[in-house]
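Some words used for protein structures carry exact cut-offs, and the questions below ask how such words are earned here. Please look over the sequence and the structure before reading on.

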Amino acid sequence: MTEANVLVLTKDVRKPREHVWRCLTDPNCLKVWWRENIEFEAKLGGRFVEPWVDPSGRERITRAEVTAFHPPEGFVMVWADEDWEFDTIVSVSLTPIEEGTRVVIEHQGWEKVGEPDRATYLLDHRNGWEHHLGNLAAFAEDLETSGDGDGR
């Protein structure tokens with residue numbers, strides 16, 4: 001769903017919140033379902049660094065800093081690609097539901113992007129977050145709840 005300049009994506013995961021939290025914040029888990037070369041310091045002031053290659057073959061880096069951290073409820077990051085002249089805010093929240101955990105990602109700040117590029121940024125990031133949420137759910141649901149390993 002897109003509300004003006006905010007992306008809001010929701011995914012229900014059939015595992016307890018603490019399990020999903022571990023998949024989001026433990027580097028060994030995160031590297032399995034997101035990307036092997038990702039760095040994430042899951043703590044207040046921690047950094048997120050994601051090297052990636054865009055569809056044109058150009059190498060890019062997304063960086064973020066954790067500005068709020070509330071285990072196992074969620075966290076907030078200031079988020080931007082290396083060539084952006086603006087920052088965005090990504091909020092991740094985990095809520096227990098009867099079937100497991102509801103993961104909500106809210107990505108805001110897109111009003112800083114000029115038209116006509118804003119619609120492309122919103123579409124690209126919605127697609128990216130949907131991809132990552134799908135991977136998170138599939139991995140978390142397949143990983144043993146009590147296991148300490150990375151599930152590989």
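Q: What does it take for a residue to be called buried?
A: A residue counts as buried when its relative accessible area is under 20%. In this model, which is predicted, the residues of H1 that meet this condition are Arg17, His19, Val20, Trp21, Arg22, Cys23, Leu24 and Thr25.

Q: Why is helix H1 called largely enclosed by the rest of the structure?
A: Helix H1 runs over residues 17–25, and because eight of its nine residues are buried, it is described as largely enclosed by the rest of the structure.

Q: How do you know whether Thr101 is buried or exposed?
A: Buried means under 20% relative accessible area, and the relative accessibility of Thr101 is 0%, so Thr101 counts as buried. Thr101 belongs to strand E8, which covers residues 100–108.

Q: What surrounds Thr101, once its neighbours within four places in sequence are left aside?
A: With heavy atoms within 4.5 Å taken as contact, Thr101 is in contact with Lys11, Asp12, Val13, Lys15, Pro16, Arg17, Val20, Leu94 and Thr95. Among them, Arg17 and Val20 are also buried residues of H1.

Q: What makes the pairing of Thr101 with Arg17 a polar contact?
A: A polar contact needs a pair of N or O atoms within 3.5 Å, and a polar atom of the Thr101 side chain lies 2.9 Å from the backbone nitrogen of Arg17.

Q: How many helices and strands does the protein chain have, and in which pattern do they follow one another?
A: The protein chain has three helices and eight strands, and along the sequence they are arranged as β-β-α-α-β-β-β-β-β-β-α.

Q: Why is the protein chain called as compact as a globular protein of that length?
A: For 152 residues the globule rule gives 15 Å, and the radius of gyration of the protein chain is 15 Å, close to that value, so the chain is as compact as a globular protein of that length. Of the 152 residues, 44% are buried, and the C-alpha trace spans about 45 × 30 × 30 Å along its principal axes.

Q: Which peptide bonds that lead into Pro72 and Pro116 are cis or trans, and where are these prolines found?
A: Pro71 and Pro72 are joined by a cis peptide bond with omega about -10°, and Pro72 sits in the loop between strand E5 (59–70) and strand E6 (74–81). The bond from Glu115 to Pro116 is likewise cis, with omega near 5°, and Pro116 sits in the loop between E8 and helix H3 (117–142). Most peptide bonds are trans.

Conventions. Residues are numbered from 1 along each chain as its sequence is written. This is a predicted model: local features need pLDDT of at least 70, side-chain atom pairs count only at pLDDT 80 or more; totals for chains, interfaces and linings use all residues. Side-chain values use heavy atoms; hydrogens and water are left out. Helices (H or I, at least four residues) and strands (E, at least two) are DSSP runs, numbered from the N terminus. The radius of gyration is taken over C-alpha atoms; the globule rule is 2.2 Å times the number of residues to the power 0.38. Buried means under 20% relative accessible area, exposed over 50%, partly exposed in between (1.4 Å probe, protein chains only). A polar contact is a pair of N or O atoms within 3.5 Å; within protein, one must be able to donate a hydrogen and the other to accept it, and residues adjacent in sequence count only if both atoms are side-chain atoms.
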